[in-house]
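I opened this model to look up its sheets, then the helices that lie on them or pack together. My entries follow in the order of looking.

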Amino acid sequence: MFHLNLPLRTLVILGICQFGRRGLASAPEVRDQPKKIAIVGAGIGGTAAAYFLRQEFGAGVKIVPLNLHMKHFVDKLGLNPRKDVPSKLAIFDGKELMFEESDWFIVNILKLIWQYGLNFLRMYIWVEGILDKFMRIYQYQQFGYSFSSVDRLLHAMGGDAFLTLANQTLEEAMMGEGFSQSFLNDIVAPVARVNYGQSVRINGFVGAVSLAGADAGLWAVDGGNKRVCSGLLYHTKAELIKARVTAIGVKHRPSKMGNSVNLYEVSYVSESGSAHSLYDIVILATPLHQGLSDISFVGFSPPLPSHFPGRYQQTVTTLVHGLLNVSFLGSSADPAHFLFSDILTTEHKPLAINSLSSLDPVSIPADYARPPASRPGVWKVFSPQPLTQEQLAAMFLRWDAVSERRWLAYPAYSPPHRATPPFQLHERLYYLSGVEWAASAMEMSAISARNLALLAHHRWHGHSAKVDQEDLHTRLRGEL
């Protein structure tokens with residue numbers, strides 16, 4: 001748990017956070033501030049929710065307009081982007097490297113035009129058009145607007161087009177825009193496989209996010225992205241207490257005004273044993289799906305499910321310190337001149353991996369240069385199933401260390417789900433992780449956290465005019 005002087009608490013893996021009273025609020029009128037708020041989950045969504053709730057129910061802090069939340073966190077916490085290391089990409093079709101990136105940008109463009117016509121340039125324009133509409137959410141949140149469901153949030157950003165995109169496959173969406181099947185198979189599918197371990201049959205919205213994730217302008221935090229979460233906890237003056245939430249119940253208590261109010265009893269188990277506490281507001285920042293949580297909901301009418309429909313897809317990450325076998329990739333190049341750092345793969349049934357990447361240190365030394373394949377290095381392999389010794393032996397000539405982690409990384413996006421879980425489960429019980437069914441990414445979790453902090457604040461103070469408003473882009477255009 002983490003503890004604030006509003007006091008704040010959260011759990012590692014599953015967590016609680018509690019806020020005590022503050023004197024000032026975003027809206028000074030109406031009712032007292034909530035005394036205690038619980039956040040279940042201490043990843044980027046939970047820690048970002050703590051940060052934004054601190055702003056809404058604590059001393060007011062302004063967000064720079066149009067600033068991406070993750071970049072804002074890095075700046076606010078005094079972190080630095082990791083030094084960029086030049087990379088080269090290749091695409092493996094199970095037999096050979098069918099595409100090899102050149103050091104020269106113009107050569108890459110000419111290769112893609114030669115093979116796929118203008119598909120690549122048209123894809124860039126298509127993704128940029130989607131991102132332009134996506135950026136509207138920062139404008140809406142800057143003006144304090146929030147949304148009660150994922151569908152309403154998507155509609156506010158991109159209208160019916162975004163809802164259609166989320167409810168059809170990426171293949172259907174791009175074929176409808178005139179992209180060729182060969183381009184989808186050879187270029188788009190490898191990007192979807194490395195980012196989400198899935199094919200072009202994922203939903204179109206998460207597919208666009210995946211393609212945006214292939215942009216060369218992406219960055220990481222020096223020392224590891226986990227420093228953002230720990231920094232947000234520190235910024236909210238939080239004490240972390242490890243525990244597992246087992247149940248959330250609704251309790252009716254009399255108020256000073258003589259009426260009945262709902263409080264939420266959160267039960268959890270820590271190293272000290274079982275405990276429970278009452279909260280005014282609860283935010284769930286952990287997926288309510290089979291295999292990821294097992295929280296029971298007690299006393300709710302109608303009943304709340306412990307698990308929502310849909311499953312999360314397993315991704316196996318294997319880190320290998322060893323010497324790459326370039327012939328596994330169908331390459332006859334001298335390993336000393338094999339400088340590809342990222343190997344993506346097409347859909348090829350016998351192929352056991354989704355991607356193969358050379359890893360750099362989390363903090364890049366000033367004189368660092370990525371080693372060629374003739375020298376041992378650290379490689380990261382994404383695969384749907386654990387790698388066998390035979391598969392490792394095919395990929396590496398030798399190795400001295402292997403570390404494997406199996407995790408339910410992302411929702412299974414194929415086929416697209418026609419309904420996403422709501423943001424608001426009960427009067428003051430909110431669900432942050434439902435946004436992952438639109439697209440799973442750190443920035444999406446931060447957007448959801450900001451949305452729920454605003455929504456909880458507006459619901460608490462009765463500001464319905466700031467919730468689920470339509471046509472905001474047109475209405476705010478003059479002010480923005």
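I count two strands as paired if DSSP finds at least two bridges between them. The model is predicted, and I read every entry below with that in mind.

**Entry 1: four-strand sheet**

I began at strand 16 and strand 17 (residues 429–431), which pair in the antiparallel sense over two bridges. Which residue of strand 17 is the bridge partner of H426? I found L429 there.

I then traced the whole sheet. It is open, has four strands in the order 3-9-17-16, and its pairing is mixed. The edges are strand 3 (37–40) and strand 16 (424–426); each has a single partner strand, so one side of each is left without a neighbour in the sheet. On average, neighbouring strands here are turned by 20° against each other, direction ignored.

Next I looked for helices on this sheet. Helix 1 (residues 44–57) lies across strand 3 and strand 9 (281–284), and runs at about 160° to strand 3. Helix 12 (residues 442–461) lies across strand 9, strand 16 and strand 17, at about 160° to strand 17.

I checked the span of helix 1. Its 14 residues reach 20 Å from first C-alpha to last, close to the 20 Å expected at 1.5 Å a residue. I also checked burial: 14 of the 14 residues of helix 1 are buried, so the helix is largely enclosed by the rest of the structure.

**Entry 2: helix 6**

I ran the span check on helix 6 (150–166). How far apart are the end C-alpha atoms of helix 6? They are only 11 Å apart for 17 residues, short of the 24 Å that a straight helix would reach at 1.5 Å a residue. I looked for a bend and found a kink of about 125° in helix 6, centred on G158.

G158 is itself buried, and so are other residues of helix 6, including M157, G159 and F162. I noted what covers the buried residues of helix 6: the cover includes helix 4 (119–134), helix 5 (136–142), helix 7, helix 9 (204–212) and helix 12.

I went on to T169, in the loop between helix 6 and helix 7 (170–176). Is T169 buried or exposed? Its relative accessibility is 11%, under the 20% cut-off, so I entered T169 as buried. Leaving out residues up to four places away in sequence, T169 touches V200, R201, I202, N203, G204 and P416.

**Entry 3: seven-strand sheet**

The other sheet I looked up is open too, with seven strands in the order 5-4-12-13-14-11-15 and mixed pairing. Strand 5 (97–100) and strand 15 (396–411) stand at its edges with a single partner strand each, so one side of each has no neighbour in the sheet. Neighbouring strands are turned by 20° against each other on average, direction ignored.

At one edge, strand 4 (residues 89–92) and strand 5 pair in the antiparallel sense over three bridges. I91 stands opposite F99 in strand 5.

I found helix 8 (residues 181–196) lying across strands of this sheet, among them strand 4, strand 5 and strand 12 (342–345), and running at about 110° to strand 12.

**Entry 4: helix 3 and helix 4**

Last, I looked at how helix 3 (residues 105–116) packs on helix 4. The angle is about 105° and the axes are 8 Å apart. I therefore entered helix 3 and helix 4 as roughly perpendicular to each other. The residues that meet are I109, L112, I113 and Y116 in helix 3, and N119, F120 and L121 in helix 4.

How values were computed
Residues are numbered from 1 along each chain as its sequence is written. This is a predicted model: local features need pLDDT of at least 70, side-chain atom pairs count only at pLDDT 80 or more; totals for chains, interfaces and linings use all residues. Side-chain values use heavy atoms; hydrogens and water are left out. Axes are lines fitted to C-alpha atoms, for helices over the stretch in contact, and angles run from 0 to 180 degrees between N-to-C directions. Contact means heavy atoms within 4.5 Å. The expected span of a helix is 1.5 Å times one less than its number of residues. Buried means under 20% relative accessible area, exposed over 50%, partly exposed in between (1.4 Å probe, protein chains only). The bend at a residue is the angle between axes fitted to the seven residues ending there and the seven starting there. Angles under 35 degrees count as roughly parallel, over 145 as roughly antiparallel, 65 to 115 as roughly perpendicular and the rest as oblique.
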